[in-house]
Amino acid sequence: MAKKIVELSSKKKVELKDMSIDDIDVCNDMTVLRTDDKGESYIVGLSKARTAWLRRGIAGGDFKGFKLDIDGLVPDKVMKQLSDDDKNELVVKIQEHQSLGE
């Protein structure tokens, strides 16, 4: 699977990268389904999972000063250039890109 460039609704172009199975597992395992004392279920870790997908799934794009950190992850200064709408849209695109078969 090659890198892919996507255009968000905001017109920002973002390059996606192929993630390892281990990185995908880290992102998927961030969310946890819990049950309260009344038996109601709820999910925790949604924001952490979204951030993990973005940090591991972005390879470049229309960002000021884009450079991955020493661990190969997207730093805060890049993440802060995305609106919440951009982040939500981009997570879906990153996940779709990872699930494409060869």
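Is Glu7 buried, partly exposed or exposed? In this predicted model, Glu7 has a relative accessible area of 41% and is therefore partly exposed. The surroundings of this residue are taken up again below, after an outline of the chain.

The secondary structure of the protein chain amounts to 4 helices and 5 strands, which follow one another along the sequence in the pattern β-β-α-β-β-α-β-α-α. The C-alpha trace spans about 50 × 30 × 30 Å along its principal axes. Of the 102 residues in the protein chain, 31% are buried. Among contacts with a separation of 6 or more, 55% join residues that are 24 or more positions apart.

Three of the strands can be considered together. They form an open sheet with the order E1-E2-E5 and antiparallel pairing. Because E1 and strand E5 (58–61) stand at the edges with a single partner strand each, one side of each is left without a neighbour in the sheet. On average, neighbouring strands of this sheet are turned by 30° against each other, direction ignored. The antiparallel pairing of E1 with E2 extends over 4 bridges, and Lys4 has Leu16 in E2 as its bridge partner. Helix H2 packs on the sheet, where it touches E2 and E5, and its direction makes about 65° with that of E5.

The charged side chains add further links. Side chains of opposite charge can pair when their charged atoms come close. In this model the count comes to 4 salt bridges. One of the salt bridges joins the side chains of Lys11 and Glu7, with an N to O distance of 4.0 Å. Whereas Glu7 is partly exposed, Lys11 counts as exposed because its relative accessibility is 58%, over the 50% limit.

Helix H2 contributes residues to two salt bridges. Arg56 forms a salt bridge with Asp23, and their closest N and O atoms are 3.5 Å apart. Since Arg56 lies in helix H2 (residues 46–57) and Asp23 in helix H1 (residues 21–28), the pair ties together parts that are 33 residues apart in sequence. Arg56 is buried, with a relative accessible area of 17%, while Asp23 is partly exposed at 28%. In the second case, Arg50 forms a salt bridge with Asp84, the closest N and O atoms being 3.3 Å apart. Here Arg50 belongs to helix H2 and Asp84 to helix H4 (residues 84–99), so this pair ties together parts that are 34 residues apart in sequence. Arg50 counts as partly exposed, with a relative accessibility of 21%.

Lys12 presents another arrangement. This residue is placed in the loop between strand E1 (4–7) and strand E2 (13–16). Lys12 is buried yet has no salt bridge. Why does Lys12 have no salt bridge? The nearest side chain of opposite charge, Asp86, is 5.7 Å away, and a salt bridge requires the nitrogen and the carboxyl oxygen to be within 4 Å, so the pair does not qualify. A polar atom of the Lys12 side chain does, however, lie 2.7 Å from the backbone oxygen of Asp62. Leaving aside residues up to four places away in sequence, Lys12 touches Val6, Glu7, Asp62, Phe63, Gln81, Leu82 and Asp86. Glu7 thus appears among the contacts of Lys12, and its side chain also meets that of Lys11 in a salt bridge.

Note on methods:
Residues numbered from 1 in each chain as written. Predicted model: local features only at pLDDT ≥ 70, side-chain atom pairs only at ≥ 80, totals over all residues. Heavy atoms only, no water. Helix = DSSP H or I, 4+ residues; strand = E, 2+ residues; numbered from the N terminus. Buried < 20%, exposed > 50% of the residue type's maximum accessible area, 1.4 Å probe, protein only. Lys, Arg positive; Asp, Glu negative; His and termini not counted. Polar contact = N/O pair within 3.5 Å; in protein donor to acceptor, adjacent residues only side chain to side chain. Contact = heavy atoms within 4.5 Å. Pairing = 2+ DSSP bridges. Axes fitted to C-alpha atoms, helices over the stretch in contact; angles between N-to-C directions.
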